[in-house]
Amino acid sequence: MSLQERVIHEFESRFDDSPALLVRAPGRVNLIGEHTDYNDGFVLPMAIDRAVWIAARPRRDRWVTCHSLDFDRPADFSLEQIEHGAGWGEYVRGVAWGLQEAGYRLLGWEGVVGGNVPVGAGLSSSAALEMATARVFAATSDLPWQPLAMARIGQRAENEWVGVSCGIMDQTISAAGVTGHALLIDCRSLETQAVPLPSETVVVVLDTSTRRGLVDSAYNQRRRECEAAARFFGVPALRDVSMARFQSQADGLDETTRRRARHVVTENLRTLEAAHAMRQGDAVRLGQLMDESHTSLRDDFEVSSDALDSIVLCARQQPACYGARMTGAGFGGCAVALVHTAAAPAFAKAVTDCYGKQTGLTPRVYICTATDGAEIVPPSLPSH
Ligand code: GLA
């Protein structure tokens, strides 16, 4: 049974009725533009074919109950007074809180959620849950579905309700992804441009199977370092520092802050060039830029890890690989590779062998397609 069928099936057995609504919101992988979103810069992620699904029906009152396929405890709360709880339900409550803070009048609903975005791997399972929740509220409370506004509310929920610092990238791509395309996002204006994937190429996610507990504190530290660098240059964000300005003034920065800033300034340029290469169908150039991004993240921003470096090298050794880099916040989690389509299964096997030999670990490999962002799926599925 597919995941959406399982979600529908569980809904039917709990509520003895078919769902009125089925929504899907995807996870994401970032092709390039890492640690640039909170510097008001550019990112180039794509929504992937792994997602969070919710089957739901509206309620007449202001109560929300959402059961999970994977966890025992449902998210169960009144919209009159939302109180903090624990676990995955915090994302549902946080989005409800964020929508009400934004002035929307919400009605309750009940449903079932399930997902196949690996949790904690850096593929934005939380943003997917947030945007699926927002999509359900929009439908059941009759709100206009404005993907970018909803992304901002999801980010606020994560920052202020869940208490995790993150930029705007993950929610934006989960809300606004486009099939067959990556999205160039200007994280200051939230202007987006859909950029097609080069023909005959496929995006492969390589999960190192390593997780680091200290990602949050290291992430916040990098943010502070970037803010310090922006203050030094007298600009609102590192986005506003050109390469020429960086080169002429960066000597006044301490060594660490200078390297952090150099990553952000060069990564913004690489991201814009990567979007250009994609429009030209130039997979070779796109791959080179991904390689350069990894070097910069490893040496200047210092957010890679031995496992990530190892899997990236294994990927690059394969002739079918155009380029590879770590993706997401770093320290563990996933790398992303651009690979010739026909050779992708052989590539997956070769990287698994190479990485296994080097580390003793078994990676997970996902050959991904680029999908649409959060959407209502017509309930035309066989529900048995
Ligand atoms: C995490 C955050 C994003 C972004 C990336 C790094 O995924 O949630 O907002 O900052 O790290 O590019």
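## Composition of the ligand shell

By class, the shell around the ligand is made up of 5 nonpolar, 3 polar and 4 charged residues, where Ala, Val, Leu, Ile, Met, Phe, Trp, Tyr, Cys and Pro count as nonpolar, Asp, Glu, Lys and Arg as charged, and the others, Gly among them, as polar. The model is predicted, with local features needing pLDDT of at least 70 and side-chain atom pairs pLDDT 80 or more, while totals for chains, interfaces and linings use all residues. Residues are numbered from 1 along each chain as its sequence is written, and side-chain values use heavy atoms, without hydrogens and water.

Among the residues around the ligand (a heavy atom within 4 Å of it) are E34, Y38, C166, M169, Y219 and A329.

## Polar contacts

Three residues place polar atoms by ligand oxygen atoms, as pairs of N or O atoms within 3.5 Å: a side-chain atom of D37 at 2.5 Å, a backbone atom of H35 at 2.7 Å, and a side-chain atom of R28 at 3.0 Å. Of the 310 Å² of accessible area that the ligand has on its own, the protein covers 92% (Shrake-Rupley method, 1.4 Å probe).

## Position between the domains

An automatic or database domain assignment divides the protein chain into domain 1 (3-196 + 371-376) and domain 2 (201-368). Because both domains give residues to the shell around the ligand, the ligand lies between them. Their centres, taken over C-alpha atoms, are separated by 26 Å, and 36 residues of domain 1 are in contact (heavy atoms within 4.5 Å) with 42 residues of domain 2.

Technical notes: A polar contact is a pair of N or O atoms within 3.5 Å; within protein, one must be able to donate a hydrogen and the other to accept it, and residues adjacent in sequence count only if both atoms are side-chain atoms.
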